[in-house]
Each structure stands twice: as C-alpha cells, then as structure tokens.
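Let's take a walk through this protein together, from one small spot to the whole chain. Have the sequence and the 3D view ready.

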Amino acid sequence: MTSHPRAAAVLAEKVADHLAEPASIPGSLSGQRWWRQSLAHGAPGIALLHIERAAAGFSSWERAHDWLAYAARGVLTTGPDSHLYYGGPALAHALASATSRHPGAYQRVLDRLDRSIVTDTRRRVAAAHARIDEGRFPALAEFDVIRGLTGLGAYLLRRDAGAGSETTRAVLNYLVRLTEDLVIDGQTLPGWWTDLGPTGRASDRFPGGHGNNGIAHGIAGPLALLALAARRGVTVPGHHEAIRRICAWLDRWRTDTSTGVLWPYWLDRSHRDTAQPGSVGPRHLGWCYGTAGLARAQHLAALATGDAARRDMAENALVDALSDPVHSTTTDVSLCHGRAGLAHLAAVTAAEARPPTANRLRPLIRKVLDTVQPADADPEQTASQLLAQDEGSPGPGLLEGAAGVALAALSASTVAAGADTASCSGWDSCLLIA
C-alpha cells in the first residue's frame, strides 16, 4: 500500500511541532556553542524547516524568527574555521532562505555576514591558486560543498549582487582551474585528486590519495555549482569546458548494469592506473555519494549545456535507482544518505524533467515516501521516533536528523501531489541540487 503524499506532509508538521522552540532541545545540545551555528546538525538547519513551512503557508513566521534569533545569539565563527555548514555562512544561508519571501528582512545582519564571507572566500581562492601554482594536491576541504569553496560559492551565487558577484566569479574561475590536470612527480592526475583519504586525512588505505566523485566531498559538487551558475547566466572563461571535463571523467568511470548505472564513490591510484573502476560497495543511492546525487549533478549539467543525451541518461538513472527494490532496504532515513534525501532528489528532478520522466517519477516518489512515513503508521509516532534521545540517535538536525527528514518529506510530498517546484524558500540550495 502506498501512502498519500499528505501523510509525509503531516510528518513534517509533527516534527516541526516537536521542534517549535529552542527550549525544546536538550541542554546537552543547546548548551554547546557549536550547536547554535551548525547547519548540518544544529539550530540553523532546524530554522530551515520552520522557514520552509512558513514560506509554503503552513505556519506563521514566528517559529522561524525565534530559531533565527536563537542561532544569531552569541559569538559566530567566521573566517578560516567557518564554512557553508558552520558559523557565519550557515546562519547566512538560513537568513537568506527567510528573505526569499520577505525581501529586506534581516538586511543589516546579512550585509555584515556577506562582507565577512566575501573577505574569507577571496582569501581562500587566493590560497587555492597559490597551491596550484606550487604544484600541490588539494585537500577536499579546499573545494568541497560541506567545508570548501563550492559551498561558499553556492551561497554567493544565491546572493549574487554587488561585491558578491565578483567573488562568485572568482570561485568559478578557481573551479575551472581545478578541473585541469595536475602533473606531480611526472604523474598526470585530475586537478581535484587529493593525496589524502576520503576522511580528509592521510590514510594507509589510500597511499596514493584518491579522486572523490561524490556531491558532498567530491567533484560532483563543483560540477553542480558550475551548472547552476551557467543556468543563471553567470559564467567565466572555460566554464563549459570545465563542465565537459568533469562529465567526461564520470563517463569514463560509469558502469552500466541490468538495474541501472553506477559510479564508484571514489578511485584510488590502483583504479586510476589500471583504468578499472573501484567497487562502490553496497548499492548506495543518496545525496552525498550515491547514484541519485550524481544523477542530479549531471542532470543540472545537461540542462546548462543543452546535452540531450546526458539529460536522458541522468533522468533514466534516477528512475532506475528508484525502481530498484534495494532502496527500500536502506535502513537510514536521513536527508544526507538515506531515503528522505532520495525522495527529495527525485522531487527536484521531477520538477525539471521531461513530462514522460516526471510522470514516471511521481509515483516512485510516493513509494519512497511510504518508507519514510508508512501508510499504516501514525506520523506523531514517527516524529517521536526520529527525535528520540536514545544513544546513537541522529538528533534533530538537517543532514542526518529529524529536521532534514521533515524538509525532504514536505518537499517531496508537494511534488508528488503535482506541484512544479520542490521548495518555496530555496532551503535546499545548500545541497547544490537546485
């Protein structure tokens, strides 16, 4: 039995009610400075849930304002220790989502944060170019979505005005250069190859480093930003060539199977040297590393460049992934790497897919939503389970917790019911999928 999309929207409402005010959060979390300014796990991510529901007309703006005020209270981390998912940029993303429906709101604090973000981004871009000039490998945190310049570039693209416009182009120029080959010790490797492991630290398992393909920490993130910028008419010299280089890399390592296409999460030097793709391990479908995230990044690239064949491939890859029964056995329900994220990725793709594909995706979205909020389960009980304070609980946050599940459930249920957009506030721009 497949639930009506309304059940998932009710789940979002119940989670929002549980997270109505900052006082509802256990002191073990709310008492820590990091929690106030973590988009991934803390207050700014919860604010996004209330912002989206208010922008969609499902609640008042009071809850959203209370959470934003709470997140802004106290000292915010800026500069080298901040990034899109932590500190000043994290709060700025939440505030910008609120201003999508209330232009001019929070303008003074946004202007102050924007100046800080621009200054830090320019410093990081200069350091990245210096690193390339010196012929050294990058760290993932230099360029990725979560900690690096791709994440900051996504925020600046959203705020593309004044000084931010110039800095956005500086990030894009850097990403173009990142896609060019590096020659180090006589070896030619792609410019995003790192000499570290996937954790961002040196690893005996990756003695020659690795090339990361994921959207959260790998080259699919820069691909998505380059595509999103091009679709908005913001391009730099070499922009489309960089998109094509990344797509050619993903094509080279793609494996076609009887149930759809697969890409390895990453490649180590042995894979690179033997031209054999690495094992992707158990079938992974989600945003951070999986088929769905990589399909959406390439879908955006195809829309930006008019590549009809890639558009068909990306849309079919997502349909195949959703049709594969393995997704229903995924135990994780999170936005980052679970079923909620899969539903949201399908929703944003369906909103821009060709009509035949959109018509195939909508019933599949409903099937995935039924694994998030089963038809025979009480949404209140599901919300309580998501927010249980058991040891090992994912907590209330965005990427792995209840707020992210609720946001994805709300957006996906809206598209499954026939809407032509997955977000009213643009909250998901931090995921580089819209």
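Start with Gly186, which sits in the loop that links β1 (182-184) and β2 (187-189). Keep in mind that this is a predicted model. Is Gly186 buried or exposed? Its relative accessibility is 63%, so Gly186 counts as exposed, since the exposed label begins over 50%. Now look for Ala434: Gly186 and Ala434 are 248 residues apart in sequence, and their C-alpha atoms are 39 Å apart in space.

For contrast, go to Thr382, part of helix α18 (residues 379-386). Thr382 has a relative accessibility of 10%, so this residue counts as buried; the cut-off for that label is under 20%. What does Thr382 touch, apart from its neighbours within four places in sequence? The answer is Leu11, Val372, Gln373 and Ala377.

Here are the two residues side by side:

| Residue | Relative accessibility | Label |
|---|---|---|
| Gly186 | 63% | exposed |
| Thr382 | 10% | buried |

Next, the inside of the protein. The largest nonpolar core has 142 residues, and the ones that touch the most other members are Val15, Tyr85, Tyr174, Trp287, Ile365 and Leu431. Helix α19 (residues 402-416) gives the most to this core, namely 11 residues. Pick Val15 and check who is around it: leaving out residues up to four places away in sequence, Val15 touches Leu49, Ala383, Leu386, Leu387, Ala402, Ala403 and Ala406.

Now zoom out to the whole chain. How many helices and strands does the protein chain have? There are 19 helices and six strands. The C-alpha trace spans about 60 × 50 × 40 Å along its principal axes. The radius of gyration is 20 Å, and a compact globule of 434 residues would have one near 22 Å, so the two agree.

Of those 434 residues, 58% count as buried. Take the contacts between residues at least 6 apart in sequence: 70% of them join residues at least 24 apart.

Finally, the outside and the charges. The protein chain exposes about 16400 Å², and 50% of that area comes from carbon and sulfur atoms. As for charged side chains, the protein chain has 41 positive and 42 negative ones. How far apart do the centres of the two sets lie? The distance between those centres is 4 Å.

Methods: Residues are numbered from 1 along each chain as its sequence is written. This is a predicted model: local features need pLDDT of at least 70, side-chain atom pairs count only at pLDDT 80 or more; totals for chains, interfaces and linings use all residues. Side-chain values use heavy atoms; hydrogens and water are left out. Helices (H or I, at least four residues) and strands (E, at least two) are DSSP runs, numbered from the N terminus. Buried means under 20% relative accessible area, exposed over 50%, partly exposed in between (1.4 Å probe, protein chains only). The radius of gyration is taken over C-alpha atoms; the globule rule is 2.2 Å times the number of residues to the power 0.38. Contact means heavy atoms within 4.5 Å. Accessible areas come from the Shrake-Rupley method with a 1.4 Å probe; for residues, only the protein chains shown count as cover. Lys and Arg count as positive and Asp and Glu as negative; His and the chain ends are not counted. The place of a charge is taken as NZ of Lys, CZ of Arg, CG of Asp or CD of Glu. A nonpolar core is a set of buried Ala, Val, Leu, Ile, Met, Phe, Trp, Tyr and Cys residues joined through side-chain atoms within 4.5 Å.
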